[in-house]
Amino acid sequence: MAPGPEQLDRLAACIVEARNVVVLTGAGVSAESGLATFRDPSEAGDALWSRYDPMELATIGAFERDPELVTRWYHWRFTKCADVDPNPGHDALARLERWLTESKSPEAFTLITQNIDGLHQRAGSVRVVELHGTIHTWRCTETGKETPLRDLSFGSFPVRSGDGGLMRPCVVWFGEALPEAALAIAGAALERCDLFMSIGTSATVQPAASFLRIAKHNGARTAEINRDSTPNTAEVDIALPGASGEILPLVLARAERLAGGDPIGDT
Ligand code: OAD
């Protein structure tokens, strides 16, 4: 069921009133760009590689057992990311960041993403906290030295660094610790935010799954934009069911009109 104008207006009003907004995104925001989500791998549509279950390959155990397979799979995932474009949901979040940081304060907006695809940055988002790392940087498992993916050669698999170590993507695998710097920025943002929005995430993987509760505990209003209901849906002040690429531009347009003193109407 698509959200009605009243729900869109409520969230728009919250955005205008907020001093500090935190947005948490997951794979759902990139679904309309054509990237499969984690828990809907069948939507990938690619014959060979989409048959692999991300939950099995995104582990240190899989890499240690079969570095060639895991490296090939991540290379395929990178190629898919490079083949697609940001969608209107990514664009709306980039516009929201520009608007709030320019009109309120540089810290008025924080985007925390679990996505490793880089689509937020390509849409123009600047301060992106990549909680699960990025597929665009790889590191040597011997020396820890990081290399931009564009500087690596994928002529043979697994890929090795100049020092002879296996190269792996700088993404967080199951069982691994999250980047400390990203966690610290996210924690500080959750403390000061007065509006928290969870968008396109199943809210099942910790610690991100707890962010909404933490923000709520700290007194923030909470909202969710998601195609399906999640453990957060019953907890939030405003739940907008549907596609983020459709809903976010509508909410943003209403918020901009409201902030500009125009009455918000039925777009
Ligand atoms: P999931 O695949 O778990 O969830 C994607 C969510 O997006 C689901 O709740 C869908 O209903 C929703 N969704 C799908 N299309 C949408 C759309 N167009 N608009 C809005 N919502 C949509 O992905 P994540 O929650 O990101 O971690 O998964 C979290 C983490 O689990 C991932 O970062 C990854 C995975 O294991 C690691 O690899 C460490």
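Which residues is His120 in contact with, leaving aside its neighbours within four places in sequence? In this predicted model, His120 is placed in helix H7. Outside the excluded sequence neighbours within four places, His120 contacts Thr25, Val29, His90, Leu93, Leu111, Thr113, Asn115, Ser125 and Val128. His120 has a relative accessibility of 1%, and because buried residues are those under 20%, His120 is counted among them.

A second buried position is Thr222, with a relative accessible area of 1%. Thr222 belongs to strand S8, which covers residues 221-226. With neighbours within four places in sequence left aside, the contacts of Thr222 are Phe196, Leu212, Lys216, Glu235, Val236, Asp237 and Ile238.

Helix H5 comprises 17 residues, 67-83. At 1.5 Å a residue, H5 should span 24 Å, and the C-alpha atoms at its ends are 24 Å apart, so the two values agree. Buried residues of H5 are Pro67, Val70, Thr71, Trp73, Tyr74, Trp76, Arg77, Phe78, Lys80 and Cys81. The elements covering these buried residues include three helices, H3 (54-57), H4 (60-65) and H7 (119-123). Strands S4 (133-140) and S6 (167-171) are also included in this cover. Helix H7, part of the cover of H5, is the helix in which His120 lies.

Helix H10 (residues 244-259) packs with helix H6 (residues 88-103) at an angle of about 30°, and the two axes are 7 Å apart. Angles under 35 degrees count as roughly parallel, and H6 and H10 are therefore roughly parallel to each other. Their crossing is left-handed. On the H6 side the contact is formed by Pro88, Gly89, Ala92, Leu93, Arg95, Leu96 and Trp99. These meet Ser244, Gly245, Leu248, Pro249, Leu252, Ala253, Ala255, Glu256 and Ala259 of H10. The contact of H6 with H10 has 11 nonpolar, 3 polar and 2 charged residues. Leu93, which takes part in this contact from H6, is also among the residues in contact with His120.

Helix H10 also packs with helix H1 (residues 5-17), at an angle of about 60° and with the axes 8 Å apart. H1 and H10 are therefore oblique to each other, and their crossing is right-handed. Pro5, Leu8, Asp9, Leu11, Ala12, Ala13, Ile15 and Val16 of H1 meet Ile247, Leu250, Val251, Arg254, Ala255, Leu258 and Ala259 of H10. By class, the contact of H1 with H10 contains 13 nonpolar, no polar and 2 charged residues. Ala255 and Ala259 of H10 meet residues of H6 and also residues of H1.

Technical notes:
Residues are numbered from 1 along each chain as its sequence is written. This is a predicted model: local features need pLDDT of at least 70, side-chain atom pairs count only at pLDDT 80 or more; totals for chains, interfaces and linings use all residues. Side-chain values use heavy atoms; hydrogens and water are left out. Helices (H or I, at least four residues) and strands (E, at least two) are DSSP runs, numbered from the N terminus. The expected span of a helix is 1.5 Å times one less than its number of residues. Buried means under 20% relative accessible area, exposed over 50%, partly exposed in between (1.4 Å probe, protein chains only). Contact means heavy atoms within 4.5 Å. Axes are lines fitted to C-alpha atoms, for helices over the stretch in contact, and angles run from 0 to 180 degrees between N-to-C directions. Angles under 35 degrees count as roughly parallel, over 145 as roughly antiparallel, 65 to 115 as roughly perpendicular and the rest as oblique. A crossing is left-handed if the near helix is turned anticlockwise from the far one by less than a right angle, and right-handed if clockwise. Ala, Val, Leu, Ile, Met, Phe, Trp, Tyr, Cys and Pro count as nonpolar, Asp, Glu, Lys and Arg as charged, and the others, Gly among them, as polar.
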